Amino acid sequence: MIKRQKKIAAITMARDDEFFLSRWIAYYGKQFGTENLYILLDGTDQKIPENAGNAHITKLPHEQLSRTAGDKYRIKKLSELAHELLEKYDIVIGCDSDEFLIVDPKIKKTLAEYLSNKKIPTTLSGLGLDIGQHLYSEAIIDKSAPFLEQREYALLSTRYTKPVVINKPVHWGSGFHSVRHHNFHIDKNLYLLHFGAIDMNMLEEKAKKRGADWLNHLRRRGNGTINIITRKKARTESWLKIARILQTYFRPIYALRKPAMFGLKPVVKIPSRFKKSGI
């Protein structure tokens, strides 16, 4: 039984990403109410999604930075925002606009209910699932329909096992991939779903806007997640538990606070019950 529903905020930062951002707002707005969403838009020219509701949106002047410098700039802004919010919220969830933290539907609790009952040791992570298109069996994404009704496979990726849930001020590493001076605590019922590679057509459209070189490179090399999902045989759900154990107890020598899987890149069939998340 929940003693008290904790106050939870979700934060993100986006640029030229209205499609995923509107999905992010729809999902986290349903979980916590749009009044508890905080969004930084990178550029005063950025369009606010129509479903923003009561979300707190701040437009920042866009700065032309290298990729590395830009990543550091963004995560600094988001860490500072989280610090401020933790003065009035119990928990802050920080993630990219194409990332969705879910509770395993078999638990039959909302994300707010589940986190309200958790003792969080500063940070909490969900197991990372990098969801991609199987080029031979899955069609172009229907942008008006739920993602998980159209995609069946995911790469189990340490890259997306991120410490996105915090209850104390911390300094995230670029992309929310780590937290300075803190280890990972991977929850047995949480999953972080990443949808950046759900459709090759969308990736090509994005590359085209960046220039011919980007588009040619993508067409030559493909996308790493999509390539692996397309060519590898999918494992059963039991690999979710195996991956969680590996990532919990093993760390690479060069990054002792990050999860490891010894170079394994297993593809799994996404449990059909995950469709109940509505994503």
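Mentor: Two strands count as paired if DSSP finds at least two bridges between them. Strands here are DSSP runs of E with at least two residues, helices are runs of H or I with at least four, and both are numbered from the N terminus. This is a predicted model, where local features need pLDDT of at least 70, side-chain atom pairs count only at pLDDT 80 or more, and totals for chains, interfaces and linings use all residues. Residues are numbered from 1 along each chain as its sequence is written, and side-chain values use heavy atoms, with hydrogens and water left out.

Trainee: What makes β4 and β8 a pair, and which way do they run?

Mentor: Two bridges join β4 to β8 (residues 165-166), and the cut-off is at least two, so they pair. They run antiparallel, with I93 opposite V165.

Trainee: Which strand pairs with β4 in parallel?

Mentor: That's β1, through four bridges. A10 stands opposite I93 there, and A10 also stands opposite L37 in β2. Five bridges join β1 (residues 8-14) to β2, again parallel. Then β2 is joined by five bridges to β3 (residues 56-60), also parallel, with Y38 opposite H56.

Trainee: Why is the β1-α1-β2 crossover given the hand it has?

Mentor: It's right-handed. The test is to point the strands away from you: if the path from the first strand over the helix to the second runs clockwise, the crossover is right-handed.

Trainee: Why is β2 called largely enclosed?

Mentor: Buried means under 20% relative accessible area, exposed means over 50%, and partly exposed lies in between (1.4 Å probe, protein chains only). Six of the six residues of β2 (residues 37-42) are buried, so the rest of the structure largely encloses this strand. L37, I39 and L41 cover one side, and Y38, L40 and D42 the other. β4 (residues 91-94) has both faces covered too, with I91 and I93 on one side and V92 and G94 on the other.

Trainee: What makes a set of residues a nonpolar core?

Mentor: The members must be buried Ala, Val, Leu, Ile, Met, Phe, Trp, Tyr or Cys, joined through side-chain atoms within 4.5 Å. The largest one here has 54 residues, and W24, Y28, I93, L111 and F195 touch the most other members. Helix α1 (residues 18-32) gives the most to this core, with seven residues. A second, separate core of 20 residues includes Y38, L60, A82 and Y89.

Trainee: Which residues does I93 touch?

Mentor: Contact means heavy atoms within 4.5 Å. Leaving out residues up to four places away in sequence, the partners of I93 include I8, Y28, L101, L111 and V165.

Trainee: How do you know where the buried residues of α7 sit around its axis?

Mentor: W239, L240, A243, R244, L246 and Q247 are buried. Looking down the axis, the buried residues fall within an arc of 165°, so they line one face of the helix. The arc is taken from the directions from the helix axis to the C-beta atoms. Exposed K241 and Y249 are on the face turned away. The cover over the buried residues includes β6, β7, β9 and β10.

Trainee: What span is expected for α7, and what does the model give?

Mentor: The expected span is 1.5 Å times one less than the number of residues. For the 12 residues of α7 (residues 238-249) that is 16 Å, and the helix reaches 17 Å from its first C-alpha to its last, which is close.
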